[in-house]
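Here is a set of short exercises to work through with the model open beside you. Try each task on your own before you read the solution.

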Amino acid sequence: MKPKVNDSNLPAEPIRLQVYLARCGAASRRTAETFISSGRVKVNGVVVDTLGTKVCASDEVSLDNRVLKPEQTLRYVLLNKPAGYVCSMADEQGRQTAASLLQPFFKERLYNVGRLDMFSSGLIIFTNDGQFAKKLQHPSSLIEKEYIVKTSVPFPRELAQRFEKGIRIDGVFYKCRCAQPLSARSMRIVLVEGKNREIRRVFDFFETGIRSLERVRIGNIRIDGLACGAFRELTDAELHLFEENYGYSD
């Protein structure tokens with residue numbers, strides 16, 4: 001698809017600071033709030049750590065002393081993340097980041113929407129459109145995420161049934177939409193909410209080691225032969241269908 005030019009990203013009226021950061025492609029609104037609260041954001045050279053503060057086009061806004069401007073070119077990029085890469089813009093431990101696979105090819109600052117743990121592979125979306133990121137991450141959108149799990153040993157017969165019904169582990173309730181055994185050592189799993197390391201925690205509970213965990217679908221967007229480590233921009237048709245299914249509108 002052609003990158004979108006979004007003149008509406010430029011604020012005509014004062015807007016909340018976290019919205020401004022999202023329009024600049026710095027982060028999703030939720031992440032932007034943590035940046036503000038931690039004192040990393042300045043407005044006209046003064047640290048602002050109060051959520052709800054409003055800014056206008058004439059204000060100078062910076063994050064970590066880097067001046068930000070609203071993005072006018074909106075990008076939506078699908079990456080097939082290899083195992084061994086972390087979903088972070090930078091890593092304190094010096095590990096390879098998924099974002100580094102895209103940085104040489106885009107001048108816009110793209111950030112990942114949601115996460116895959118370091119040892120998992122598969123689809124993750126990068127964007128500089130804060131509104132799109134918010135819709136993609138919000139639990140109310142009920143966006144399905146599909147995974148293929150391969151185990152090192154045969155998994156117990158009751159695992160799939162109990163995961164679909166719901167199971168409480170260490171005080172946290174885990175429930176998938178679908179758990180379909182494909183063989184004695186592979187399973188198709190569909191999540192909607194997706195808690196932190198949910199699939200791994202459930203399989204650990206049943207003492208079943210995971211050999212590989214790959215996300216193959218996010219909503220209507222499928223992996224469809226995208227090579228490991230490769231990326232592509234979402235098509236107009238994919239974004240249109242996303243809007244129809246989940247109410248996203250740019």
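## Exercise 1: The largest pocket

The lining of the largest pocket takes at least two residues from each of these elements: α2 (29-37), β10 (111-113), α3 (130-137), β12 (145-151), α5 (198-205) and β17 (210-218). Keep in mind that the model is a predicted one.

**Task.** Find which residues lie nearest the centre of the largest pocket, and how its lining divides into nonpolar, polar and charged residues.

**Solution.**
- Step 1. Begin with the space itself: the largest pocket holds about 1,300 Å³.
- Step 2. Its lining is made of 46 residues, and those nearest the centre are Asn112, Val113, Gly114, Arg115 and Gln137.
- Step 3. Sort the lining by residue type, and you get 21 nonpolar, 11 polar and 14 charged residues.

## Exercise 2: Two nonpolar cores

**Task.** Work out which residues of the largest nonpolar core touch the most other members, then look at what Met187 touches.

**Solution.**
- Step 1. As background, nonpolar side chains tend to be buried together in soluble globular proteins.
- Step 2. The largest nonpolar core here has 32 residues, and Phe126, Phe163, Met187, Ile189, Ile199 and Val202 touch the most other members.
- Step 3. Next, trace where this core comes from: β9 (76-81), β11 (121-127), β12, α4 (158-165), β13 (167-169), β16 and α5 each give at least two residues.
- Step 4. Set aside residues up to four places away in sequence, and the residues that methionine 187 touches include Tyr147, Val149, Phe155, Leu159, Pro181 and Phe203.
- Step 5. A second core, separate from this one, has 21 residues, among them Ile125, Leu136, Leu234 and Leu239.

## Exercise 3: Helix α5

**Task.** List the buried residues of α5 and say what they pack against.

**Solution.**
- Step 1. The buried residues of this helix are Glu198, Ile199, Arg200, Val202 and Phe203.
- Step 2. These buried residues pack against β12, α4, β13, β14 (172-174), β16 and β17.
- Step 3. Just past the helix, look for glutamate 207, which follows α5 and has a positive phi, near 55°.

## Exercise 4: Pairing strands

**Task.** Describe how β15 pairs with β16, then give the strand order of the open sheet of 4 strands.

**Solution.**
- Step 1. β15 (residues 178-183) and β16 (residues 186-191) are antiparallel partners, with 5 bridges between them.
- Step 2. A hairpin of 2 residues links β15 to β16, and serine 183 has serine 186 as its bridge partner.
- Step 3. The open sheet has 4 strands in the order β4-β3-β6-β7, paired antiparallel.
- Step 4. Its edges are β4 (46-47) and β7 (66-68), each of which pairs on one side only.
- Step 5. Within this sheet, β6 (residues 61-63) and β7 run antiparallel and share 3 bridges, with serine 62 bridged to valine 67.

## Exercise 5: Buried or exposed?

**Task.** Decide how lysine 69 and glutamate 214 count by their relative accessibility.

**Solution.**
- Step 1. Locate lysine 69 in the loop between β7 and β8 (73-74).
- Step 2. Lysine 69 counts as exposed because its relative accessibility is 54%, and exposed means over 50%.
- Step 3. Leaving aside neighbours within four places in sequence, lysine 69 is in contact with Tyr20 and Cys24.
- Step 4. Move to glutamate 214, which sits in strand β17.
- Step 5. Its relative accessibility is 27%, so glutamate 214 counts as partly exposed.
- Step 6. With neighbours within four places left aside, the contacts of glutamate 214 include Ser121, Glu146 and Ile223.

Definitions and conventions:
Residues numbered from 1 in each chain as written. Predicted model: local features only at pLDDT ≥ 70, side-chain atom pairs only at ≥ 80, totals over all residues. Heavy atoms only, no water. Pairing = 2+ DSSP bridges. 1 Å grid on protein atoms, 1.4 Å probe; cavity = no way out; pocket = protein on both sides within 12 Å on 5 of 7 lines; lining within 4 Å. Points joined across faces, edges and corners; volume = space filled by probe spheres on them. Nonpolar A, V, L, I, M, F, W, Y, C, P; charged D, E, K, R; others polar. Buried < 20%, exposed > 50% of the residue type's maximum accessible area, 1.4 Å probe, protein only. Contact = heavy atoms within 4.5 Å. Core = buried A, V, L, I, M, F, W, Y, C linked by side-chain atoms within 4.5 Å.
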